[in-house]
Amino acid sequence: VSTQSTGILSRFDVLCVVRDTVDPVNDERMARFVTGSHMKHHPANTAAPGEEEERANTVPQDLLKKYIMYARTKIKPKLHYVDQDKVAALYAELRRESMATGSIPITVRHIESMIRMAEAHAKMHLREYVREDDINIAIRSMLESFIDTQKYSVMKNMTATFSKYLAYKKDNNELLLFILKQLAKDQMVYSRSRYGAAGAATVEISAEELEDKARQINIHNLQAFYESDLFIANKFVHDKKNRNIILTL
């Protein structure tokens with residue numbers, strides 16, 4: 001990245017990187033969604049199954065517009081209390097990591113972005129003051145955005161370094177699924193290099209390895225994750241006897 005491009009990138013509060021990565025489970029889910037969407041909205045389809053349930057869980061668009069308009073015009077959150085030591089330590093650690101890895105440099109603008117996101121989060125909840133909760137969510141959002149712009153090797157190291165911030169108020173199952181998918185991807189790369197382009201029909205991941213990584217982010221019981229709909233929907237099976245997790249491709 002050139003110096004000019006880096007200067008431009010640092011002006012944005014959030015950077016969203018779109019990657020076209022090969023993921024058999026997500027690819028199949030996307031294909032089903034696209035075909036299902038076309039079938040549902042076809043003129044010949046007069047009654048889509050589950051339509052009433054979907055409407056029951058959806059906020060009406062007019063109400064959502066009014067909510068957003070009210071929050072934008074009426075709510076002006078104030079920075080009542082900010083843990084300055086926490087922000088300063090995070091800033092120093094980020095600066096050190098960005099310099100060591102040669103990634104996009106961290107500047108004061110990133111701290112300003114974090115404060116704006118904290119205010120926006122408070123505003124979204126119609127709060128008069130910015131709370132510690134808003135700051136923590138802003139830190140997590142800023143870190144996720146920053147780390148996502150890095151090379152894979154740098155991204156992996158930074159995710160481990162800042163895991164305590166990234167795990168804040170995140171659904172444990174979603175977090176564990178992300179880790180599991182990373183382990184599955186690493187295993188698939190190894191499998192392809194060993195068995196050729198086709199690879200194996202299934203991928204086996206050590207449950208012990210996943211549990212070890214989970215303990216590093218203070219998650220000690222994975223039984224609920226193994227039994228969750230999220231785990232099953234992504235075609236994972238927990239083999240208790242052999243202490244493995246099997247993914248069917």
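Select Ala207, Leu210, Glu211 and Ala214 in helix α11: these residues are buried (under 20% relative accessible area, with exposed meaning over 50% and partly exposed in between, for a 1.4 Å probe and protein chains only). They share one side of α11, because the arc they cover around the axis is only 95°, taken from the directions from the helix axis to the C-beta atoms. Now pick Glu208 and Gln216, which are exposed on the other side of α11.

The model is predicted: local features need pLDDT of at least 70 and side-chain atom pairs pLDDT 80 or more, while totals for chains, interfaces and linings use all residues. Residues are numbered from 1 along each chain as its sequence is written, and side-chain values use heavy atoms, without hydrogens and water.

Go to the start of α11, where a side-chain oxygen of serine 206 comes to within 3.3 Å of the backbone nitrogen of glutamate 208. After α11 comes asparagine 218, with a positive phi near 65°.

Next, show residues 207-216 with the strands: α11 lies across β1, β2 and β3, at about 50° to β1. Helices (H or I, at least four residues) and strands (E, at least two) are DSSP runs numbered from the N terminus. Angles run from 0 to 180 degrees between N-to-C directions of axes fitted to C-alpha atoms, for helices over the stretch in contact (heavy atoms within 4.5 Å).

Hide the helix. The three strands make an open antiparallel sheet ordered β1-β3-β2, where pairing requires at least two DSSP bridges. β1 (202-206) and β2 (236-239) are at the edges with a single partner strand each, so one side of each has no neighbour in the sheet.

Finally, select residues 244-248: this is β3, joined to β1 by five bridges. Isoleucine 246 in β3 stands opposite glutamate 204.

Terms used: Polar contact = N/O pair within 3.5 Å; in protein donor to acceptor, adjacent residues only side chain to side chain.
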